[in-house]
Protein chains: 2
Amino acid sequence: MLPFAIVSLLVTVSQGCSRHSGAPDTAVESSYGSLWPLPQKVRFSSLSLKIRGSSFQIRDADESSAGPSCSLLKNAYRRYYEYMFPNERTKGHTNGFADPAELSQLLVWITSSDSECDGYPVVTSDESYELSVNQTYAVLKAPKVWGALRGLETFSQLLHEDEYGAKNINLTEISDFPRFQHRGVLLDTSRHFLPIKVILANLEAMAMNKFNVFHWHIVDDPSFPYLSRTFPQLSQMGAYHPYTHVYTPADVRMIIEFARLRGIRVVPEFDTPGHTQSWGKGQKDLLTPCYSGPTPSGTFGPVNPILNTTYDFMNLLFKEISAVFPDPYVHLGGDEVDFECWKSNPDITKFMEQHSFGEDYSKLESFYIQKLLDIVTSTQKGYMIWQEVYDNGVKLKPDTLIHVWKGTQQQYQNEMAKITLSGYKTFLSTPWYLNRISYGQDWTSLYRADPHNFTGTDDQKKLVIGGEACMWGEYVDSTNLMPRMWPRASAVGERLWSAKDVTDVNDAYSRLAKHRCRMVERGIQAQSLFSSFCRHEYKGI
Amino acid sequence: MLPFAIVSLLVTVSQGCSRHSGAPDTAVESSYGSLWPLPQKVRFSSLSLKIRGSSFQIRDADESSAGPSCSLLKNAYRRYYEYMFPNERTKGHTNGFADPAELSQLLVWITSSDSECDGYPVVTSDESYELSVNQTYAVLKAPKVWGALRGLETFSQLLHEDEYGAKNINLTEISDFPRFQHRGVLLDTSRHFLPIKVILANLEAMAMNKFNVFHWHIVDDPSFPYLSRTFPQLSQMGAYHPYTHVYTPADVRMIIEFARLRGIRVVPEFDTPGHTQSWGKGQKDLLTPCYSGPTPSGTFGPVNPILNTTYDFMNLLFKEISAVFPDPYVHLGGDEVDFECWKSNPDITKFMEQHSFGEDYSKLESFYIQKLLDIVTSTQKGYMIWQEVYDNGVKLKPDTLIHVWKGTQQQYQNEMAKITLSGYKTFLSTPWYLNRISYGQDWTSLYRADPHNFTGTDDQKKLVIGGEACMWGEYVDSTNLMPRMWPRASAVGERLWSAKDVTDVNDAYSRLAKHRCRMVERGIQAQSLFSSFCRHEYKGI
């Protein structure tokens, strides 16, 4: 069928040569071009085809289960067409004659009967795809739309320009799927409010790096920007400003839909019983009054776990949250509970005695968390929690996801071994606190961390569902979020998507430098890895 | 004359209580509002006046030596009017009746007969001013336009809003002048090319922080973006790209004029004999050929100091530079010369023998530098050099400025003591390498450094002309320059402008947090100091 045969020009280049110290060798040129994260299997031909913006088409294959009504794909076709041909102004048409040296279309074929086009991505969503660039046309096959989104990103990364600026693409065979199901980025909108535009830009960059979870740490001590329909006074009193620094229900819906169109889940975190100072401003009696000797000091501690009203409040709030956020999981926090205020309060002391908790305030914390978990379970949601909840021995549902964030490398590896040995699923953030910055190419240490590097059986390793890059907000707001996040988070993105043996830092440097310039060309304010230039420098200032 | 008397409401608040460890106390409220850098003398009244954008005027005092033809001031009036009243749309007019509770105008009075309106700022320029906000009008008196520019910035910082959003200003008396004459920011446009827009935005931010020197480290090893009219092949071959990544003569003129209008000098650095790899691409025989045993290795070292053609080239190049850049000083670099290549080259070895330099290659370096200094002297320019040139014992003109950048605190303090003891002028950058980043509030350590903190006499201290915040470009380009620079450079700005005893980090935090939000409102992508919010968050993304 093809006008001339592809005679075994396809080569497979092997990964695995890793370099565990020092900065990358910037002179290495990857044989994988600008692919990021690296797909599981790639075969390139040295034969390249021309590709013309004015006539190139992305369209549904006739056999595809996702038809013209699938907005998700239509939006993706437009997005990737614009990424690939940003300056294209002439109207698309074909002259009817197929030039054998030109790629004229990409056919997108959703192969399973349910494309999931109108659904939400979940932790078990199938993101696999197969991409074949043949002469005159290319085919992207995926069981679900989620895989098609990943494959479109990959396809767009295959384009390269010759010295005349003409777009080219090599004959290519790619078979790809993620190594881990849970590949997240955490944003903190409490320590600094992040304008919607920044959150959306970050979601765009996440899609370019095949991330699939936006962990929205939406509220915390400093501010409560979530506008609750049930308890509007929470943001009215607890946000930095009740109008300009809140996320309205419409904002939240828009962010969720924008994420869905990119195959990204939105998992909200409502962290309790600690990290709730801002909650207390709008909800009377929610927080524990701290005492100074025999009298209340006027300050407040964690959520008050001894009042029935606390649980009535949580019940209503989490009912709302479960309706607003479609994801089957909610992150419940549970980290860093300070016991000093509880210790100072005579009513708490009495309650501790009544329940025979002794002096062990982690038992009181567990008492609270247990009741909260029951409330959330009643909303049909699963939950994620920070590792302390597990460490404190709270009874957890078998499908609980335990988020590891503490300690040294040795400590977090021990923690993951312990969690998986007890049969729980877990995901890792300790090595990926991107808010912690240092001079130089710190992306290499992010890149070298691996959630499977702990002592355990294969069955234990299977319980590791992935990881999250966290950008806590003490020193991060809309002025510096994007360059601080990208391309550093990209290193985490490849670790979580690509095969375990993709660890060559020199090869990674070569691809990532090109990938970051591509992000810049797409309008993402991604900073540079080292002295170098992009064809189009960032001019968004 | 005033409708009612100001009865001793004026208070002087003293600075000096410093806190030398830990993070600042974010709960402290400065009695100096948002003033940054803090003026030398401030007296506030608690009495405040209203100020209306629709009728407020900034205009020349009748007695001023700078009249309607002074574009520099006219541009500054517009700029500060727009900063103060960004949303003002109604046309200015007064109803003829002076409201005693309203400030209606700011009179700007240049008191010396030569306003210097059409000149360039130089190291000895007078930047002092006196600002008096009285009822119904305010007066800004300055000997030269440079002081008026500083005073306009200060005046704009006095405005504050009441709870209804109305602008107010307190009765105020300010007498101000800089502690140091040389207050610089270094940008590196070689390791990454910085688009003109970024350089201009940085100049705007510099003016907001009363910096007065843009040290333009324009070329270096990685690229040569300066388009030389005499040697166009230098950028043609040595820039990252010969059209998109160069500064044309028109660009350079525009940057110099934009800086001049803000009272900022542009001091170019053409660093030799090291840091010149990119020069060699467009200028044959300029660099030393390195040898591998008896044959040239194909690589090149520093500028070749033994050829007459080298000095012919430098003579022509620095003639051009002296004409293009109006500042009386040029920075000649002279740092980090690697001797290995010189050692490998047999012609250099022979030359060393002929000149009885023995094995001491710093003598060869000095030989080169000496000839270069003579060339630059012949162009009527003074020079700045990095400290190595002084350390190596090169004979220097008495007006040479020695730029200290190396070592620990102890080492740079010893260096400054030594330099000033030998009668040379110096300025400091060691503690202010802003490209070096770390987690948390590192502005406090920038703030605590002081160029006068070394053991020496008063006469020695007088030889310290200031300092520079340096942003080297290995990891910095247009995506992250501005948030990485600001407000961290602001800490250096206050150290170099304000009195030596202005060292209270808590008071500084309070003012700087407000100052950075003001920069954000003026369109500067200045990052935050800590968990907090600005009324108008940065939305430039």
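Visitor: Which residue of chain A comes closest to the rotation axis?
Guide: In this predicted model, A:S438 does, with its C-alpha at 2.4 Å from the axis.

Visitor: What makes this axis a two-fold axis?
Guide: A turn of 180°, with a shift of 0.0 Å along the axis, lays chain A on chain B with an RMSD of 0.0 Å. That is the relation of a two-fold axis, so the term applies.

Visitor: How do you know that the copies meet through the same surface?
Guide: Of the interface residues of chain A, 100% are also interface residues in chain B, and therefore the copies meet through the same surface.

Visitor: Why is B:E365 called buried?
Guide: Its relative accessibility is 4%. The cut-off for buried is under 20%, so B:E365 counts as buried.

Visitor: Where in chain B is B:E365, and which residues is it in contact with?
Guide: B:E365 belongs to helix α10 of chain B, residues 361–378. Leaving aside neighbours within four places in sequence, B:E365 is in contact with B:G334, B:V337, B:F339, B:W342 and B:N392. The C-alpha atom of B:D338, 27 residues apart from B:E365 along the chain, is separated from that of B:E365 by 9.9 Å.

Visitor: Why is the pairing of the side chains of B:E365 and B:N392 called a polar contact?
Guide: The two side chains are 3.1 Å apart in this pairing. A polar contact needs a pair of N or O atoms within 3.5 Å, one able to donate a hydrogen and the other to accept it. The value of 3.1 Å is within that limit, so the pair qualifies.

Visitor: What makes helix α16 of chain A mostly covered?
Guide: The helix spans residues 488–497, and 10 of its 10 residues are buried. Among them are A:R488, A:E494, A:R495 and A:W497. Buried stands for under 20% relative accessible area.

Visitor: How many cavities of 30 Å³ or more are there, and what is the volume of the largest cavity?
Guide: The count is 6, and the largest cavity has a volume of about 410 Å³.

Visitor: Which residues and helices line the largest cavity?
Guide: Its lining has 31 residues, with A:I437, A:R484, A:Q527, B:I437 and B:R484 nearest its centre. Helix α15 (481–485) of chain A and α15 (481–485) of chain B each supply at least two residues of the lining.

Visitor: How many residues of each class are in the lining of the largest cavity?
Guide: The lining has 13 nonpolar, 12 polar and 6 charged residues.

Technical notes
Residues are numbered from 1 along each chain as its sequence is written. Chains are lettered from A and ligands numbered from 1 in the order in which they are written. This is a predicted model: local features need pLDDT of at least 70, side-chain atom pairs count only at pLDDT 80 or more; totals for chains, interfaces and linings use all residues. Side-chain values use heavy atoms; hydrogens and water are left out. Helices (H or I, at least four residues) and strands (E, at least two) are DSSP runs, numbered from the N terminus. Buried means under 20% relative accessible area, exposed over 50%, partly exposed in between (1.4 Å probe, protein chains only). Contact means heavy atoms within 4.5 Å. On a 1 Å grid over the protein atoms alone, a cavity is a set of points where a 1.4 Å probe fits but cannot get out, and a pocket is an open set with protein on both sides within 12 Å along at least five of seven lines; lining residues have an atom within 4 Å of a point. Grid points are joined across faces, edges and corners, and a volume is the space filled by probe spheres set on the points. Ala, Val, Leu, Ile, Met, Phe, Trp, Tyr, Cys and Pro count as nonpolar, Asp, Glu, Lys and Arg as charged, and the others, Gly among them, as polar. Copies are superposed by least squares on the C-alpha atoms of residues with pLDDT of at least 70 in both.
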